[in-house]
Amino acid sequence: MSKTYSRDEVARHSSPKDLWVVIDGKVYDLTEFAEDHPGSAVVLWKVAGQDATEQFFAFHRQEILFKYKRLCIGSIEGQQSLLQPASFGSMSTVPYAESLSAIQRPSPFYNESHLAFKKAIRAFCDEHIQPDCELYGNSGKVPDKEIFLKMGEANLLALRIAPGKHLKGLKLPGGIKPEEYDYFHESIIHEEFSRCGIYGYGEGLGSGMVIGLPPIMAFGPAWMQQKVVPEILSGRKLVCLAITEPTAGSDVAGLTTQAVKTPCGKFYIVNGVKKWITNGTFCDYFTTAVKTGDGRYDMTVLLIERGQGVSTETIKTSGSTSAGTAYVTFENVKVPVENVIGKEGRGFEVVMSNFNHERWIMCAAACSAARQVIEECFKWATQRKVFGKALIEQPVIRYKLGEMIAELESAQSWTDMTTYQMTKMSYAEQNKKLAGQIALLKYRCTRMVHLVADNSVQIFGGRAITRTGMGRIIENFNRVHKFGAILGGSEEIMLDLGVRQAMKFYPKNARL
Ligand SMILES: Cc1cc2nc3c(=O)[nH]c(=O)nc-3n(C[C@H](O)[C@H](O)[C@H](O)COP(=O)(O)OP(=O)(O)OC[C@H]3O[C@@H](n4cnc5c(N)ncnc54)[C@H](O)[C@@H]3O)c2cc1C
């Protein structure tokens with residue numbers, strides 16, 4: 001049992017040469033540490049021999065306490081400490097910090113299996129992903145290969161693709177049966193992966209696979225299903241989606257990378273460049289859209305393996321280079337004709353087939369990331385004291401929090417309703433009936449994120465624009481929150497698509 005002390009005894013250790021403090025009911029001997037304290041020894045001298053809990057939480061996140069637990073020499077007699085290191089998979093009890101399913105309010109959509117699944121995925125992320133993210137996310141190192149293998153082993157890579165026959169016979173986290181797995185489970189896994197707090201690192205965890213593998217699974221020939229799909233789902237190989245070019249972003253049909261058949265008809269020779277390809281710097285395969293004719297939509301999708309003639313360079317975006325965002329050059333790359341995904345000349349169909357699913361994933365991830373920011377803001381507003389009281393006691397701050405919550409929960413509700421509709425439709429039906437709705441939903445979510453980002457800065461003040469410390473999650477969120485408004489179809493394109501799709505269903509006899 002650890003030693004206990006009275007407050008009087010702590011008070012006797014109140015000089016620079018003998019410096020004890022109390023934080024959250026625990027006694028720390030900071031005598032040796034004071035000179036190494038990043039905020040200077042002086043600030044520690046001021047609280048020597050005292051309870052410094054309030055001062056500590058004005059400047060530090062709680063993980064600092066756990067990091068320096070070696071300095072803890074005991075506890076105050078009769079006082080329980082409030083903080084414990086969170087166990088793997090634990091859920092937050094801060095209001096609105098978890099989606100409604102997680103706090104077990106009645107829900108028409110979520111059941112016990114979703115909650116069990118959420119806990120299991122969070123436990124995996126807490127144990128295997130978070131430590132690597134915190135160590136390397138800011139320096140831009142790409143996630144360790146070991147993490148991909150672990151994700152493969154736990155079948156998480158397969159789960160991030162969608163419900164489907166590829167899950168048959170797999171052992172799933174949380175004791176979920178493969179036949180039970182639905183789009184709500186899938187939305188949960190995307191939510192959990194977006195919680196790591198460093199967006200680029202999260203993208204580095206296989207976002208390229210999430211968009212690059214489905215075309216192979218849906219349209220690839222048998223040999224790809226037998227060789228490439230298992231390689232990727234096990235984490236042994238990585239894939240990305242290479243469509244965008246410097247001249248072709250929103251206008252996908254404007255691409256110029258060309259594939260020309262060799263006279264023997266057995267190969268294509270590919271020449272061209274691709275831009276902003278997520279995970280491109282470290283992936284093994286590129287699901288690549290190329291031009292195979294002169295017509296605007298004369299497009300084919302090829303699986304190109306990294307090898308001779310393929311080179312990748314890092315593009316430094318506002319996010320962490322852990323995402324592996326790449327400029328890809330194909331120079332006289334020889335690709336066997338067996339590598340066609342779908343049919344030659346029908347690539348546009350292949351490219352378009354997965355956009356709705358990608359955009360829906362972005363909605364789930366946006367809600368989750370915003371939720372994490374709201375939790376940070378709630379905690380900060382409660383512990384930060386200004387003008388003699390906690391920030392949360394200022395009506396203006398409560399208004400800002402209320403605005404964020406209302407926006408988030410509206411976006412979450414529409415996302416959940418859309419997810420429900422997806423569970424009732426085939427993939428083809430989803431693409432026909434939900435393309436416009438998902439485009440508008442994505443716009444709704446990225447606008448929500450705007451407001452959350454903006455308000456969060458005003459709640460955190462200077463710390464929101466400081467990369468380390470209390471505001472690090474807010475700073476990262478504000479640096480990267482625009483990504484969702486551009487990637488996978490920009491806000492302008494989404495609104496336009498939403499209305500154009502609605503027009504398809506417009507009744508001929510509708511009149512004022
Ligand atoms: C970090 C990052 C990662 C990415 N990852 C991938 C990836 O893995 N694979 C991949 O293939 N691509 C990827 N992309 C590309 C991404 O999908 C495109 O950036 C996006 O589609 C927009 O294209 P663009 O940037 O060329 O903008 P442009 O098409 O040049 O558009 C510029 C602006 O004009 C607006 N605009 C364009 N057309 C219209 C119109 N008709 N009406 C009104 N406004 C319009 C757009 O909204 C946009 O804001 C990534 C991009 C980034 C930045």
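# Exercises on a predicted model

The buried residues of helix α8 are Tyr183, Phe184, His185, Glu186, Ser187, Ile188, Ile189, His190, Glu191, Glu192 and Phe193. Buried here means under 20% relative accessible area, with exposed over 50% and partly exposed in between (1.4 Å probe, protein chains only). Helices (H or I, at least four residues) and strands (E, at least two) are DSSP runs, numbered from the N terminus.

Before you start, two notes on the ground rules. This is a predicted model, in which local features need pLDDT of at least 70 and side-chain atom pairs count only at pLDDT 80 or more, while totals for chains, interfaces and linings use all residues. Residues are numbered from 1 along each chain as its sequence is written, and side-chain values use heavy atoms, with hydrogens and water left out.

## Exercise 1: helix α8

Find how many residues of α8 are buried, and which side chain reaches the backbone at the start of the helix.

Step 1. Helix α8 spans residues 183-193, and eleven of its eleven residues are buried, leaving the helix mostly covered.

Step 2. At the start of α8, look for a side-chain oxygen of Asp182, which comes within 2.9 Å of the backbone nitrogen of Phe184. This is a polar contact: a pair of N or O atoms within 3.5 Å where, within protein, one must be able to donate a hydrogen and the other to accept it, and residues adjacent in sequence count only if both atoms are side-chain atoms.

## Exercise 2: helix α17 and Arg61

Work out why helix α17 is largely enclosed, then place Arg61 and list what it touches.

Step 1. Helix α17 (residues 472-480) is largely enclosed by the rest of the structure because seven of its nine residues are buried. Those residues are Arg472, Ile473, Ile474, Glu475, Asn476, Phe477 and Val480.

Step 2. Now find the packing partners: the buried residues of α17 pack against α4 (63-67), α5 (112-136), α9 (199-204), α13 (355-383), α16 (435-460) and α18 (483-486).

Step 3. Arg61 sits in the loop between α3 (53-59) and α4. With a relative accessible area of 15%, Arg61 is buried.

Step 4. Not counting residues up to four places away in sequence, Arg61 touches Phe56, Glu376, Gly469, Met470, Arg472 and Ile473; contact means heavy atoms within 4.5 Å. A polar atom of the Arg61 side chain lies 2.8 Å from the backbone oxygen of Met470.

## Exercise 3: the nonpolar cores

Identify the residues with the most contacts inside the largest nonpolar core, and trace the surroundings of Val270.

Step 1. A nonpolar core is a set of buried Ala, Val, Leu, Ile, Met, Phe, Trp, Tyr and Cys residues joined through side-chain atoms within 4.5 Å. In soluble globular proteins, nonpolar side chains tend to be buried together.

Step 2. The largest such core has 82 residues, and Met151, Leu213 and Val270 have the most contacts inside it.

Step 3. Leaving aside neighbours within four places in sequence, Val270 is in contact with residues including Thr257, Val290, Leu302, Ile304, Phe330 and Val335.

Step 4. There is also a second, separate core of 35 residues, with Ala366, Cys377, Val457 and Phe460 among them.

## Exercise 4: the ligand shell

Describe the residues around the ligand, and find how much of its accessible area the protein covers.

Step 1. The ligand is surrounded by 17 residues (each with a heavy atom within 4 Å of it), and the closest are Thr244, Ser250, Trp276, Ser490 and Glu492.

Step 2. Sort the shell by type: nine residues are nonpolar, seven polar and one charged. Ala, Val, Leu, Ile, Met, Phe, Trp, Tyr, Cys and Pro count as nonpolar, Asp, Glu, Lys and Arg as charged, and the others, Gly among them, as polar.

Step 3. Check the atom pairs. A backbone N or O atom of Leu241 is 2.8 Å from a nitrogen atom of the ligand, and a polar side-chain atom of Thr244 is 2.6 Å from a ligand nitrogen. A side-chain N or O atom of Ser250 lies 2.6 Å from an oxygen atom of the ligand.

Step 4. On its own, the ligand has 970 Å² of accessible area (Shrake-Rupley method, 1.4 Å probe), of which the protein covers 65%.

Step 5. Finally, β8 (267-277), α18 and α19 (491-504) are the elements that give two or more residues to this shell.
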